[in-house]
Amino acid sequence: MEREPPKAAKASSTGAKRFERPRGGAARPIAELMPEVGRTAFRRFGFVQSSVVSRWPDIVGPRHARVCTPESIRFPPGEKSEGILQLVVVPAHAPLIQHVIPEIIERVNRFFGYNAVARVKIRQGEVKPPPASAQKTAPPSLKPVPLELGESLRDIGDPELRAVLESLARAMSANGNGQDQ
């Protein structure tokens with residue numbers, strides 16, 4: 001039993017153009033979708049911004065991030081300021097963290113840009129240390145810096161800037177662009 005094509009398909013075979021709704025667009029990387037997916041879960045558990053969790057080592061520093069982590073931020077009903085930040089702290093480090101609470105409040109508020117946190121509650125528990133971030137450095141080039149450029153680069157005090165300028169000088173000398181024509 002052969003099935004008849006729908007009327008819309010008949011119309012397209014007769015020459016009339018059938019309307020097709022555009023799809024959702026190009027495929028997006030999962031990294032773009034994760035903040036949207038995670039945002040709902042973070043808000044449900046008391047986080048206004050999920051970036052507080054992901055950037056915790058940047059906010060409080062690597063030393064404190066190894067021993068404490070944010071659990072939630074609770075605000076008074078209808079407000080987004082004067083909240084209570086709840087931290088999970090390694091039990092042995094709780095007295096230390098208790099002494100640096102004013103500094104943590106200041107850093108979190110600086111991160112938000114307003115007085116989002118007024119108090120901190122400490123809960124002792126297990127803290128997963130943040131992943132170790134390896135410094136990304138460019139591999140050293142084996143080609144020497146041209147002699148005429150090497151002397152002028154030695155006066156630069158910032159080592160990162162000097163390294164970038166040296167690599168630029170190497171690239172220019174390799175391409176022949178650094179020579180007068």
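Here are some notes on the salt bridges in this predicted model, plus a look at one asparagine.

1. **The overall tally.** Side chains of opposite charge can pair when their charged atoms come close. Searching the whole structure turns up four salt bridges. Three of them are worth walking through here, including the one between Arg 55 and Asp 58.

2. **Arg 55 and Asp 58.** In this pair, the closest N and O atoms sit 3.6 Å apart. That still makes the list because the cut-off is 4 Å between a side-chain nitrogen of Lys or Arg and a carboxyl oxygen of Asp or Glu. How accessible are the two partners? Arg 55 comes out as partly exposed, at 41% relative accessibility, while Asp 58 reaches 59% and counts as exposed, since the line for exposed is drawn at over 50%.

3. **Arg 123 and Glu 71.** Here the salt bridge has its closest N and O atoms 2.8 Å apart. Which parts of the chain does this pair link? Distant ones: Arg 123 belongs to strand E3 (residues 117-124) and Glu 71 to strand E1 (residues 68-74), with their positions 52 residues apart in the chain. Arg 123 is partly exposed, with 42% relative accessible area, and Glu 71 is partly exposed too, at 29%.

4. **Glu 103 and Arg 107.** These side chains also meet in a salt bridge, at 2.8 Å from N to O. How far apart are the two residues along helix H7? They are four residues apart in that helix (residues 101-112), so about one helical turn separates them. As for accessibility, Glu 103 is partly exposed at 31%, and Arg 107 is partly exposed as well, with a relative accessible area of 26%.

5. **Asn 109, further along.** Stay in helix H7 and you'll find Asn 109. Is its side chain's residue buried or exposed? At 11% relative accessibility, Asn 109 counts as buried, because the cut-off for that label is under 20%.

6. **What Asn 109 reaches.** A polar atom of the Asn 109 side chain lies 2.8 Å from the backbone nitrogen of Val 117. Val 117 also appears among the residues that Asn 109 touches, along with Tyr 114, Asn 115 and Ala 116; this list leaves out residues up to four places away in sequence. If you're clicking through the structure, Val 117 falls within the residue range of strand E3 (residues 117-124), the strand that holds Arg 123 from point 3.

Notes:
Residues are numbered from 1 along each chain as its sequence is written. This is a predicted model: local features need pLDDT of at least 70, side-chain atom pairs count only at pLDDT 80 or more; totals for chains, interfaces and linings use all residues. Side-chain values use heavy atoms; hydrogens and water are left out. Buried means under 20% relative accessible area, exposed over 50%, partly exposed in between (1.4 Å probe, protein chains only). A polar contact is a pair of N or O atoms within 3.5 Å; within protein, one must be able to donate a hydrogen and the other to accept it, and residues adjacent in sequence count only if both atoms are side-chain atoms. Contact means heavy atoms within 4.5 Å.
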